[in-house]
Amino acid sequence: MKLTIFGPTGLVGQQVLAQAIAAGHDTTAVARDPAKLGAQVHSAPNVRVVTADLSHADPALLKDSVDGADAVLSAIGPRKKAEHGIVSKSAMALAAAVESASVPRLLVVSGVGVSTVPTPGRPHPPKREPGAGLIMRYFATPVARRVLGAHFVDVALMEDFMRGCELDWTVMRVPYVMDRPPTGRYRTAYGHTLRAALRIAAADAAEFMLRLIDQPEASRKVVTVAY
Ligand SMILES: NC(=O)c1ccc[n+]([C@@H]2O[C@H](COP(=O)([O-])OP(=O)(O)OC[C@H]3O[C@@H](n4cnc5c(N)ncnc54)[C@H](OP(=O)(O)O)[C@@H]3O)[C@@H](O)[C@H]2O)c1
């Protein structure tokens, strides 16, 4: 497959990129600081590196970076408070690029619990996500909302945007992401969440994200992955 990966220097994105390269996919890695990608990525024969900052990216450059791709995958997230807003902003920019280049699939990373956040598009969201149990409702989601604050709202805005767009999208929700070896064993849920969805290793989340590309049942759905 031909893939374009955004956020390839982050916890989840690094794993998506590494697994895409290992699987032999023809991969474009779009990073604002390509030096972070490391020598192995730069020397891989099946990787093209593009430099772009999604907070002010040129639409023509974005279109070029996704042109001909079978799927675009984004694991963009803010590194600091000043970058809150980048998740929804980058999703809109990527959706425009995907649409103008007629890319068939767009997959983005989101967080478990975000659909309980009120947004202008969903002013009265449910108190817990469908499928979530008491741990999620009374512990995990309130903690995430408190710790992540404006970023949590931004991810909820991104989900609102994706639900409203006409593309063939998939939103993959993850709980707390750990930098641990993959287990290859995790639970998944399509269109609802999981009870006690508390943790996932970045490598397992990445493996699932790559599998979602050609799953028709993931089309235009929010899916969840967790242990
Ligand atoms: N980690 C978790 O526990 C967790 C839990 C739930 C949901 N999520 C969501 O999952 C997504 C990925 O999380 P993560 O932990 O893998 O993120 P991360 O490690 O913080 O990495 C974020 C990635 O986004 C890139 N990025 C940020 N701003 C950018 C910009 N303006 N232009 C281009 N690239 C930009 C970063 O590039 P640089 O390397 O150049 O900074 C990096 O590659 C996030 O949206 C996050 O909300 C994460």
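Biologist: What kinds of residues make up the shell around the ligand, and how do they divide?

Modeller: Keep in mind that this is a predicted model. Four residues of the shell are charged and eight are polar. The nonpolar residues in that shell number 15.

Biologist: Which element gives the largest share of that shell?

Modeller: Several elements chip in: α1 (11-22), α4 (86-100), β5 (106-111) and β7 (176-178) each supply at least two residues. The largest share is three residues, and they come from β5.

Biologist: Okay, and which residue has a side-chain N or O atom 2.5 Å from an oxygen atom of the ligand?

Modeller: Let's go through a few contacts. Leucine 11 uses a polar backbone atom, 2.8 Å from a ligand oxygen. Arginine 32 uses a polar side-chain atom, also lying 2.8 Å from an oxygen atom of the ligand. The side chain with an N or O atom at 2.5 Å belongs to threonine 9.

Biologist: How much of the ligand's area does the protein bury?

Modeller: Picture the ligand taken alone: it exposes 900 Å². With the protein around it, the part of that area that gets buried is 89%.

Biologist: Let's move to the salt bridges. Glutamate 159 forms one with an arginine at 2.7 Å, so which arginine is that, and is it buried or exposed?

Modeller: The partner is arginine 173. This pair links distant parts of the chain, with glutamate 159 in helix α6 and arginine 173 in strand β6 (residues 169-174), 14 residues apart. Buried means under 20% relative accessible area. Arginine 173 has 6%, so arginine 173 is buried.

Biologist: Why can glutamate 159 and arginine 163 be described as about one helical turn apart?

Modeller: Their side chains meet in a salt bridge, 3.5 Å from N to O. An α-helix has 3.6 residues a turn, so residues three or four places apart point the same way. Both residues sit in helix α6 (residues 150-164), and the reason is their spacing there: four residues.

Biologist: Which residues are linked with those three in a network of salt bridges?

Modeller: The structure holds eight salt bridges. The network includes Glu159, Arg163 and Arg173. The others linked in it are Glu129 and Asp160.

Biologist: Now for helix α7 (residues 202-212): how many of its 11 residues are buried?

Modeller: The helix is mostly covered. Among the buried ones are Ala202, Phe208, Met209 and Leu212. Arginine 211, in contrast, is partly exposed at 38%, and glutamate 207 is partly exposed at 28%. The buried count in α7 is nine.

Biologist: What distance separates N and O in the salt bridge between arginine 211 and glutamate 207?

Modeller: Both residues lie in helix α7, four residues apart, or about one turn of the helix. Their side chains meet with N and O separated by 3.7 Å.

Biologist: Where does phenylalanine 139 lie, and is it buried or partly exposed?

Modeller: Phenylalanine 139 lies in helix α5 (residues 134-148). Together with Ile135, Val143, Val147 and Leu148, Phe139 forms a nonpolar patch on the surface, with about 450 Å² of accessible area together. Its own relative accessibility is 49%, so phenylalanine 139 counts as partly exposed.

Biologist: Last one: which residue's backbone oxygen lies 3.0 Å from a polar side-chain atom of threonine 27?

Modeller: Threonine 27 is in strand β2 (residues 26-31). Its relative accessible area is 0%, so threonine 27 is buried. The backbone oxygen at 3.0 Å from its side chain belongs to histidine 25.

Notes. Residues are numbered from 1 along each chain as its sequence is written. This is a predicted model: local features need pLDDT of at least 70, side-chain atom pairs count only at pLDDT 80 or more; totals for chains, interfaces and linings use all residues. Side-chain values use heavy atoms; hydrogens and water are left out. A polar contact is a pair of N or O atoms within 3.5 Å; within protein, one must be able to donate a hydrogen and the other to accept it, and residues adjacent in sequence count only if both atoms are side-chain atoms. Accessible areas come from the Shrake-Rupley method with a 1.4 Å probe; for residues, only the protein chains shown count as cover. Ala, Val, Leu, Ile, Met, Phe, Trp, Tyr, Cys and Pro count as nonpolar, Asp, Glu, Lys and Arg as charged, and the others, Gly among them, as polar. Patches are made of residues with over 30% relative accessible area and no salt bridge: like charges are joined within 9 Å, nonpolar side chains (Val, Leu, Ile, Met, Phe, Trp, Tyr) within 5 Å. A salt bridge is a side-chain nitrogen of Lys or Arg within 4 Å of a carboxyl oxygen of Asp or Glu. Buried means under 20% relative accessible area, exposed over 50%, partly exposed in between (1.4 Å probe, protein chains only).
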